[in-house]
Amino acid sequence: MASEDARYRESSQFKLWSFSHSQLAAIREETNAKAVASISERLSERIASAAAGGSSTSSFQAASNNISAPTSNANTPDPESSVVPEKLPEFLTAQEEATLVTFYVSELLRAGDHAEYSDVVKATAAVLFRRFYTYSSIMTYPPQDMLIVALFFACKAEGTFPRIGEFLKTFQRDHPEQILAGEFLLFRGVRFAIDVKHPFRALRGAVMELRSLGDIDHKDIEKAEQRAKQILRFSPFMTDAYFHYTPSQIMLAALSLADRGLAERLIQATFHYVNPQADSEANTPGPSGGNDAPREGGGRNKQPAPDQATIIGSYIRDRVLGTIESCRDMLHKELPERREHWADRKTFKAHIQPLRKKLNKCHDPDRWNLVELQKQRREQAAKKADSDDEMGGTSKKVDDDAAVFGGDGMRDVKRRKVVAGGAKLDDPFGGAL
């Protein structure tokens with residue numbers, strides 16, 4: 001049977017969404033650069049059209065107006081966003097985008113508390129939201145809409161299926177399209193990986209293991225468990241912990257913040273292997289290859305000492321301790337007490353409002369309204385389907401056998417359909433969003 005570590009390495013969370021610090025920083029810089037280039041091109045067209053006496057002002061205003069009902073200071077509309085700029089605005093940097101994403105994650109968690117969703121639903125929504133804005137820029141799609149979409153999507157991903165009508169009332173939305181328009185966008189943006197593994201169950205297992213040791217006061221364990229739960233409900237989502245560490249490492253880091261002594265005791269109890277002495281009889285084979293000698297394929301023989309040392313020896317223990325300490329430092333930057341910091345009006349005015357003003361001026365005018373974007377894409381898909389039907393009409397001239405059994409003629413038609421839109425055939429997740 002495969003170990004838990006081996007199974008985790010086969011998960012989409014590890015294969016698609018685990019990065020080193022340098023890798024994640026490079027991805028964000030690339031995403032930001034692509035967004036700036038794309039939005040600059042679109043805004044330049046509108047500026048040129050406005051200078052030539054075109055009527056792009058109304059279209060820009062329609063794309064800029066947010067149809068979402070404001071539920072917090074994050075959704076306060078900005079009248080300046082509906083004006084066609086005279087020149088290209090100043091764009092957000094990758095670091096400024098990351099700051100805004102963190103702010104909107106705090107808003108997402110507040111919205112989840114308002115709706116009384118479970119910890120797992122809020123956690124999944126926060127992770128999906130962060131994943132989406134890793135390869136998609138916050139200047140391209142409206143975060144105040146996507147955080148609500150993430151909550152709705154996370155409910156279904158975790159097996160709770162709210163009625164769309166009740167969901168709309170909870171978040172003061174008027175039309176189902178305001179939620180459903182961003183669903184597939186989010187699904188594709190997270191690369192169809194909706195299975196998120198969390199550290200909550202790992203914490204329960206750690207608590208059971210600590211209680212089984214027998215020499216630790218249960219009150220200390222319960223106190224550490226409650227504090228670790230508070231940390232796990234907030235700190236990992238306000239940082240990049242899910243991108244850099246496994247769920248068990250995040251759990252141990254939270255437990256270390258709650259009670260460092262208990263966390264170290266648990267690690268010492270887990271990685272307890274000590275190499276035997278050279279004169280020890282533990283690994284000494286029996287004389288002349290008798291019955292005490294290890295047999296090939298013997299199911300009852302103990303695992304060889306080198307393998308034991310590799311799995312639970314001091315070397316791997318020290319590496320685990322170093323990783324947990326690094327994760328601990330990351331979580332310590334966003335302890336649960338900072339909930340009030342992100343919700344504070346002074347913090348919003350000093351640090352978030354200037355970035356939101358920049359965002360209102362430099363966002364993508366063609367993709368900011370999700371409902372209109374979905375409508376346009378449906379129209380484009382319908383036109384493409386019509387053109388494909390016209391192209392497919394020529395295939396009727398192919399002989400009957402090829403039409404029925406899929407001969408070369410049919411394959412050529414299918415190939416034309418795929419390549420007609422210029423789609424890349426080597427990307428399993430499709431082209432750019």
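The exercises below, each with a worked solution, concern a predicted model of one protein chain.

**Exercise 1. Overall make-up**

State how many helices and strands the protein chain has, and what share of its residues count as buried.

Solution. Begin with the secondary structure: the protein chain has 22 helices and 0 strands. Next take burial: 42% of the 433 residues count as buried. Then turn to the contacts between residues at least 6 apart in sequence; 80% of these join residues at least 24 apart.

**Exercise 2. Helix 14 against helix 15**

Classify the packing of helix 14 and helix 15, and list the residues that make the contact.

Solution. Locate the two elements first: helix 14 covers residues 247–258 and helix 15 covers residues 260–270. Their axes lie 5 Å apart, at an angle of about 135°. Angles over 145 degrees count as roughly antiparallel and 65 to 115 as roughly perpendicular. Helix 14 is therefore oblique to helix 15. On the side of helix 14, the contact is made by Leu 252, Leu 255, Ser 256 and Ala 258. Helix 15 contributes Arg 260, Ala 263, Leu 266 and Ile 267. By class, the contact residues are 6 nonpolar, 1 polar and 1 charged.

**Exercise 3. The largest cavity**

Identify the residues that line the largest cavity and the helices that supply at least two of them each.

Solution. The count is 3 cavities of 30 Å³ or more. The largest cavity holds about 40 Å³ of space. Its lining consists of Gln 13, Trp 17, Val 127, Arg 131, Tyr 242 and Phe 243. At least two lining residues each come from helix 2 (12–17), helix 6 (119–135) and helix 13 (241–244). Sorted by class, the lining has 4 nonpolar, 1 polar and 1 charged residues.

**Exercise 4. Two loop residues**

Decide for Asp 240 and for Ser 18 whether the residue is buried, partly exposed or exposed.

Solution. Asp 240 sits in the loop between helix 12 (218–232) and helix 13. Its relative accessible area is 17%, and the limit for buried is under 20%, so Asp 240 is buried. Beyond its neighbours within four places in sequence, Asp 240 is in contact with Leu 24, Arg 28, Arg 130 and Met 330.

Ser 18 belongs to the loop between helix 2 and helix 3 (21–51). With a relative accessible area of 25%, Ser 18 is partly exposed. Outside its neighbours within four places in sequence, Ser 18 is in contact with Tyr 8, Gln 13, Gln 23 and Phe 243. Ser 18 and Ala 241 are 223 residues apart in sequence, yet 9.7 Å apart in space, C-alpha to C-alpha.

**Exercise 5. Arg 339**

Describe the surroundings of Arg 339.

Solution. Arg 339 is in helix 18 (residues 339–343). A relative accessible area of 28% makes Arg 339 partly exposed. Setting aside its neighbours within four places in sequence, Arg 339 is in contact with Asp 113, Arg 233 and Phe 234. The C-alpha atoms of Arg 339 and Ser 106 are separated by 7.4 Å, although these residues are 233 residues apart along the chain.

**Exercise 6. The largest pocket**

Find which helix gives the largest share of the lining of the largest pocket.

Solution. The largest pocket contains about 1,900 Å³ of space. Of its 44 lining residues, Glu 4, Asp 5, Thr 246, Ser 248 and Gln 249 lie nearest its centre. Helices that each supply at least two lining residues include helix 1 (4–9), helix 14 and helix 17 (314–332). The largest share, 6 residues, comes from helix 11. The lining divides into 22 nonpolar, 13 polar and 9 charged residues.

Definitions and conventions. Residues are numbered from 1 along each chain as its sequence is written. This is a predicted model: local features need pLDDT of at least 70, side-chain atom pairs count only at pLDDT 80 or more; totals for chains, interfaces and linings use all residues. Side-chain values use heavy atoms; hydrogens and water are left out. Axes are lines fitted to C-alpha atoms, for helices over the stretch in contact, and angles run from 0 to 180 degrees between N-to-C directions. Helices (H or I, at least four residues) and strands (E, at least two) are DSSP runs, numbered from the N terminus. Angles under 35 degrees count as roughly parallel, over 145 as roughly antiparallel, 65 to 115 as roughly perpendicular and the rest as oblique. Contact means heavy atoms within 4.5 Å. Ala, Val, Leu, Ile, Met, Phe, Trp, Tyr, Cys and Pro count as nonpolar, Asp, Glu, Lys and Arg as charged, and the others, Gly among them, as polar. On a 1 Å grid over the protein atoms alone, a cavity is a set of points where a 1.4 Å probe fits but cannot get out, and a pocket is an open set with protein on both sides within 12 Å along at least five of seven lines; lining residues have an atom within 4 Å of a point. Grid points are joined across faces, edges and corners, and a volume is the space filled by probe spheres set on the points. Buried means under 20% relative accessible area, exposed over 50%, partly exposed in between (1.4 Å probe, protein chains only).
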